[in-house]
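Thanks for making the time this morning. I would like to walk you through the side-chain packing and the charged pairs in one model, so please keep the view open while I talk.

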Amino acid sequence: MPVLAQQTEIRQYKLSGIVTDASGERLEGAFVVFSPGGKGVLANKQGRFSIKLEKGTYEVVCQYVGMAPLKETIVLDGGNKEVVLMLGERSVSLKQVEITTNSIIDINSVRMGSSYMDQKLLTRMPTLLGEPDVVRAVSALPGVVNAGEGTSGFFVRGGSADQNLILMDGAPLFNSTHLFGFFSVYNPDILKSFTLHRSGISATYGGRISSILDVSLRDGNNEKMRYEAGITPVTAKVSMDGPLSEKVTMLLAFRGAYPDYLLKLFPSENIKNSSGYFYDGNVKLKCTINKNNSLSFSGYHSADGFKFPYDTTYSWTNTLGTLQWNHLFSNNFTSTATLVKSIYKNTVEGIATGEEFQLNSGIDLTQLRLNFGYFGKESHQIDFGGEASLYSIQPGDLVPHGTSSFNRRTLNEDRGYELSSFINDEVKLNDRLSVSVGLRYTHYTKVGPADIYMYSEGEPRSIKSIVDTLHVSSGGVVQSYQGLEPRASLKYSVSENAAVKVGANRTRQYIQLISNTAAITPVDVWKLSNKYIQPQIADQIALGYFYLQPDHVYEYSWEVYYKKLYNQIDYKDGAVLLLNPTLDADLLFGDGYAYGSEWLLKKNQGRLTGWVSMTYSRSFRKIVGETEEETINDGEAYPSNYDKPVNLNVFANYKAWPKWTVSANFTYTTGRPITGADSWYRYYNQIFANYVGRNQSRMPDYHRLDLSFNREPIIKEKAEYTWGISIYNLYGRKNAYSTLYQHYYGAPPGAFKLSVIGAPIPSVNFNAKF
């Protein structure tokens with residue numbers, strides 16, 4: 001008993017802090033490990049962490065992808081403690097002929113199906129016309145396939161391009177490319193990093209069912225004003241960033257394109273007489289009010305134009321704004337309030353005599369998000385909050401002018417709002433096992449003005465089968481949907497350098513792109529769920545193994561997944577998508593499924609770095625309607641437009657000479673499915689093609705090799721210069737963009753492939769920082 005009386009309770013103290021880079025920018029997802037004990041925590045979106053430890057001396061190791069690891073000694077001597085861990089840049093050159101790159105995967109995180117890439121790695125990849133591109137880099141990752149040559153959009157694990165939520169500093173983008181997909185909207189000079197989430201998606205994200213592409217732009221530095229300028233064969237760009245005061249930093253960037261002189265080099269008269277342009281600008285302000293409050297604004301505007309000779313011009317704009325307030329209630333409790341505005345406008349103008357018109361469409365999104373992070377419970381990282389979104393879509397307004405014989409046609413505005421709330425808890429159960437469990441609830445309402453068409457039962461929906469029309473006035477409820485989205489991930493550490501992860505999640509999507517192409521184009525129409533268009537739903541399970549060598553030279557990952565999709569959209573033969581008031585009648589609905597296996601082997605250090613990414617996947621749709629006209633492929637499953645079974649990407653970066661590196665990127669994918677004609681027939685002196693089965697033929701396989709030579713930075717007393725040479729499509733592969741059929745009497749249909757880029761395209765880029 002006296003021995004027991006002498007025992008004292010072991011007391012724990014709270015160690016909390018923030019992780020930043022050298023400029024003071026906070027680093028979300030930084031991993032902090034404490035020894036002895038081997039306990040670890042992840043920093044939240046504000047770069048904060050908190051942990052309870054016993055009194056003593058600890059060695060702290062902090063790691064963040066793209067930054068040099070930090071080791072510090074911290075003493076807990078009888079009270080709670082607050083620290084700041086500042087990470088420096090990772091060394092680019094370890095030896096004269098040795099370089100390093102950053103890990104794409106993170107075995108310490110419970111999250112799976114996520115790939116990370118920073119700006120430095122992006123700029124090493126071969127470019128098209130000298131401009132590094134986020135969307136093209138994403139397509140080199142496992143499970144991702146590009147929509148096609150010279151097109152915007154990408155497919156993730158059997159989903160369509162509109163099923164990816166693409167963000168710029170938290171604001172959703174509805175068209176993420178310039179010049180029909182040849183350039184990304186992201187200015188590479190001000191890019192910080194991007195992360196693609198394909199599975200195991202946290203409950204903090206919602207709105208799309210395939211993936212989340214979260215792109216962050218860097219803040220202005222807080223040391224001194226810095227300037228950068230660059231030029232490529234098609235673009236010119238300038239940027240500046242630095243402090244406006246002790247508490248305020250700013251970043252400004254502008255970029256413009258001048259492709260007309262290149263278009264005149266093409267042999268086709270149509271292309272030669274075409275013209276195009278784009279420009280974009282970014283502004284970012286950050287104000288540190290005090291140690292508990294900061295305010296930031298990120299703004300973006302872009303404009304694109306393209307003119308085909310004699311008949312049509314296309315123009316579109318993107319305008320984004322994000323206002324964010326970060327508040328620290330205590331060392332264990334943080335909050336972020338975000339107000340978002342995203343406006344996309346598109347105009348198609350007819351200029352042919354007698355057919356002059358303007359067709360205007362667009363989408364306007366207003367969004368408010370509240371996110372909270374709580375660290376007060378040991379081994380837990382709890383995130384919770386809510387989101388409110390208001391959508392306003394103009395599907396089409398045709399305005400004739402000049403000598404046009406057209407009549408004005410304006411479709412009803414498509415309006416709706418979405419409310420959601422979520423909670424997510426990442427729990428470290430022990431040194432080997434961690435779990436992330438989350439739940440998201442969404443409620444969606446479609447509101448008027450709207451006309452709801454009632455169709456005759458037992459007949460295919462069409463304008464001829466309308467029996468009644470119900471008009472809903474402005475603000476009236478048209479249709480409501482709601483549902484839960486459970487999310488869960490588990491990580492088991494097989495060793496210090498290997499982990500097995502499993503994830504399952506349900507996602508919902510209430511907005512979809514109506515398009516007659518596999519890629520995103522300016523004339524596509526966004527459409528909200530209504531009485532006939534139910535929300536898309538996806539259930540996905542995934543299993544993966546992840547390995548990172550102790551010295552980080554090699555990393556390896558392997559994931560398998562299965563995805564079930566509900567309420568997927570396809571189209572009737574001959575569907576009319578533009579200015580169609582009964583568009584619902586031309587749409588078909590069914591389910592789908594996708595499965596696949598993804599491998600990644602990456603070398604991070606040495607004279608040769610790079611990776612091999614290999615994916616085998618399948619994606620199918622099944623449309624069974626009430627009538628034969630509303631059924632596809634006799635009710636049997638058929639390949640979706642996004643089914644490309646084999647996808648291989650090889651990227652290599654070689655230190656060829658002391659100041660030069662050579663980079664190469666090889667891409668191979670199976671050709672996408674098409675509906676091909678096998679015969680033709682004559683009807684009233686008209687020739688018609690006979691198409692057998694939806695998506696039963698394929699385009700030729702796609703492959704391409706790109707090469708670049710990059711000069712290491714030339715550092716002078718007051719300036720730093722970089723330049724490089726790239727060759728896109730080195731061996732001149734004529735990859736088919738589309739297939740056309742021409743019919744000759746007495747012969748089977750002849751297929752003709754259209755190639756957008758069929759020759760090598762060299763380019764030079766030059767950047768100066770001062």
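Let me begin with the charges: the structure holds 24 salt bridges, and please bear in mind throughout that this is a predicted model. The one I would look at first joins Glu 559 to Arg 157, where the closest N and O atoms are 3.2 Å apart. This pair links distant parts of the chain, since Glu 559 belongs to strand 38, residues 554-571, while Arg 157 is in the loop between strand 12 and strand 13, and the two are 402 residues apart.

Are these two partners buried or exposed? Glu 559 has a relative accessibility of 3% and therefore counts as buried, the cut-off being under 20%. Arg 157, at 2% relative accessibility, counts as buried as well. Nor does the pair stand by itself, for Arg 157, Arg 198, Glu 559 and Glu 598 are linked in a network of salt bridges.

Next, please move to Asp 219 and Lys 286, whose side chains meet in a salt bridge with an N to O distance of 3.6 Å. Asp 219 lies in the loop between strand 18 and strand 19, and Lys 286 lies in strand 22, residues 275-290, so this salt bridge ties together parts that are 67 residues apart in sequence. Asp 219 is buried, with a relative accessible area of 14%.

A further salt bridge is formed by Lys 655 and Glu 712, with the closest N and O atoms 3.5 Å apart. Because Lys 655 is in strand 43, residues 646-657, and Glu 712 is in the loop between strand 49 and strand 50, the pair ties together parts of the chain that are 57 residues apart in sequence. Both Lys 655 and Glu 712 are buried.

Now to the nonpolar packing. Which residues touch the most other members of the largest nonpolar core? Among its 34 residues, they are Val 134, Phe 154, Phe 194 and Leu 213. Several elements give two or more residues to this core, including helix 2, helix 3, strand 12, strand 17 and strand 18, and helix 3 gives the most, with four residues. If you centre on Phe 194 and leave aside its neighbours within four places in sequence, you will find it in contact with, among others, Tyr 116, Met 117, Val 134, Leu 141 and Leu 213. There is also a second, separate core of 23 residues, which includes Phe 34, Val 41, Ile 74 and Val 83.

Turning to the rings, the structure holds 19 aromatic pairs. In one of them, Tyr 721 and Phe 766 are stacked, at 6.1 Å centre to centre and with 25° between the planes. Tyr 721 is in strand 51 and Phe 766 is in strand 54, 45 residues apart, so to speak of distant parts of the chain being linked is again fair. Tyr 721 is partly exposed, with a relative accessible area of 29%, and Phe 766, at 36% relative accessibility, also counts as partly exposed. Elsewhere, ring pairs link Phe 329, Phe 333, Phe 372, Tyr 374 and Phe 384 into a cluster.

Finally, two lysines are placed over rings. The charged end of Lys 501 sits over the ring of Phe 546, 4.8 Å from its centre, and Lys 531 lies over the face of Tyr 532, at 5.7 Å from the ring centre.

Notes: Residues numbered from 1 in each chain as written. Predicted model: local features only at pLDDT ≥ 70, side-chain atom pairs only at ≥ 80, totals over all residues. Heavy atoms only, no water. Core = buried A, V, L, I, M, F, W, Y, C linked by side-chain atoms within 4.5 Å. Buried < 20%, exposed > 50% of the residue type's maximum accessible area, 1.4 Å probe, protein only. Contact = heavy atoms within 4.5 Å. Phe/Tyr/Trp six-rings, centres within 6.5 Å; stacked < 30°, edge-to-face > 60°. Lys NZ or Arg CZ within 6 Å of the ring centre and 35° of its normal. Salt bridge = Lys/Arg side-chain N within 4 Å of Asp/Glu carboxyl O.
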